[in-house]
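I opened the notebook to look up the open and enclosed spaces of this structure and the place of its ligand. My entries follow in the order I made them.

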Amino acid sequence: MHVRPLEGKTAFVTGGSRGIGAAIVRGLALQGATVTFTYVAAGGAADALVDDIRLAGGHAEAVRADSADAEGLAQAIDVAAAAHGRLDILVNNAGVITHGPVDDLPVEEFDRVFAINVRAVYAGTRAAAKHMGEGGSVITVGSIVADRSGFPGTAIYSASKGAIKSMTRGFARDLGPRGITVNNVQPGPIATDMNPAYVEELVLPLIPLGRMGRAEEVAALVAHLAGPEARFTTGASFTVDGGFMS
Ligand code: NDP
């Protein structure tokens, strides 16, 4: 059992300023990785997270990079890999949700959500893979809605999470021969800014464990998939949902 299994590794996490991404950044850093993470709006929260991790003896830095800009994201990954001399772990976490029936949401909304939730996963993985070798890992934060929408108004968001689930399998085939693993973590309802109180009320009765998940409970699985115990695990999707899908 390694106490700091990610010691000496470098990681890049998209959307690390808040919610699940912030928990992932913290989890990887506490396990020894040097973590670069992106944010767009929450610069104050990003700085506070960097300070917290440094105070705890870890290494993290925040860079502003909008996942909607594929070229900018790839550049940020190149700069981080060059600065640290290597890249071992990419976590594609940044994502946005949208709600609304097909009669209401315009096609432009499809493009906006897909640029961040899907195109950036392709662009980020493509950029990161150039810097990775044997032992590299890519983890994408999908969602259980890839498998079951559950409620009306979720077509675009569900489709985006379905796309990254299939892309995970494709990436696993492409990068496996180089010793790089690629996996997809599918959270159920997690208590973050993404889920306002009315969503909690709607989903709570459907969760056998009777509560919303914590961001740390998703981050723990991400850290495991990035670590030395998961080297034969690739092309897979994992649910963390309190039994919501059972
Ligand atoms: P939050 O809304 O709480 O946080 C989103 C994070 O992503 C923030 O750090 C935000 O940064 C960042 N972000 C948003 N847009 C962009 C962008 N264009 N470029 C870069 N960063 C961006 O969401 P969660 O933590 O809840 O969700 C994280 C991931 O988990 C998403 O992919 C989401 O789809 C997925 N997920 C969440 C579930 C949940 O119940 N919460 C369930 C299933 C999946 P900033 O504020 O600085 O802009």
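**Entry: the largest pocket.** I started with the lining of the largest pocket in this predicted model. I found 46 residues lining the largest pocket. Nearest its centre lie Gly95, Ile97, Tyr157, Thr192 and Met194. I noted a volume of about 1,100 Å³ for the largest pocket.

Next I looked up the elements behind this lining. Four of them, α1, β2 (34-39), α5 and α6 (197-203), each give at least two residues to the lining of the largest pocket. Which element has the largest share? I wrote down α6, with four residues.

I then sorted the lining of the largest pocket by class. I got 25 nonpolar residues, 16 polar and five charged.

**Entry: the ligand.** Where does the ligand sit? I placed the ligand in the largest pocket. I counted 30 residues around the ligand. The closest are Asp66, Asn93, Tyr157, Thr192 and Asn195. Tyr157 and Thr192 caught my eye, since I had already listed both among the residues nearest the centre of the largest pocket.

I checked which helices take part in the shell. Helix α1 (19-30) supplies at least two residues of the shell around the ligand, and so does α5 (155-175). Both α1 and α5 also supply at least two residues each to the lining of the largest pocket. By class, I recorded the shell as 15 nonpolar, 11 polar and four charged residues.

**Entry: polar contacts of the ligand.** I looked up three atom pairs. At Ser17, a polar side-chain atom is 2.8 Å from a ligand oxygen atom. At Gly15, the backbone is the partner: an N or O atom there lies 3.3 Å from an oxygen atom of the ligand. At Ser67, a polar backbone atom lies 2.8 Å from a nitrogen atom of the ligand. How much of the ligand does the protein bury? Taken alone, the ligand exposes 900 Å², and I noted that the protein buries 93% of that.

**Entry: the largest cavity.** I turned to the enclosed spaces. How many cavities of 30 Å³ or more does a search of the whole structure find? I logged two. The largest cavity holds about 40 Å³ of space.

I listed its lining as Thr14, Ser67, Leu73, Asn92, Asn93, Ala94, Ile116, Ala120 and Val121. I recognised two names here. Asn93 is among the residues closest to the ligand, and Ser67 has the backbone atom 2.8 Å from a ligand nitrogen atom. Helix α4 (residues 107-131) gives the largest share of the lining of the largest cavity, three residues. Charged residues are absent from the lining of the largest cavity; I sorted it into five nonpolar and four polar.

**Entry: the second largest cavity.** I recorded about 30 Å³ of space in the second largest cavity. Its lining consists of Thr10, Ala11, Thr36, Ala80, Ala81, His84, Arg86 and Leu87. Strand β1 (10-13) and helix α3 (70-84) each supply at least two of the residues lining the second largest cavity. I gave the largest share to α3, with three residues. By class, I found four nonpolar, three polar and one charged in the lining of the second largest cavity.

Notes: Residues numbered from 1 in each chain as written. Predicted model: local features only at pLDDT ≥ 70, side-chain atom pairs only at ≥ 80, totals over all residues. Heavy atoms only, no water. Near = heavy atom within 4 Å. Polar contact = N/O pair within 3.5 Å; in protein donor to acceptor, adjacent residues only side chain to side chain. Areas by Shrake-Rupley, 256 points an atom, 1.4 Å probe, with all protein chains shown as cover. 1 Å grid on protein atoms, 1.4 Å probe; cavity = no way out; pocket = protein on both sides within 12 Å on 5 of 7 lines; lining within 4 Å. Sits in = over half its atoms within 2 Å of the grid points. Nonpolar A, V, L, I, M, F, W, Y, C, P; charged D, E, K, R; others polar. Points joined across faces, edges and corners; volume = space filled by probe spheres on them.
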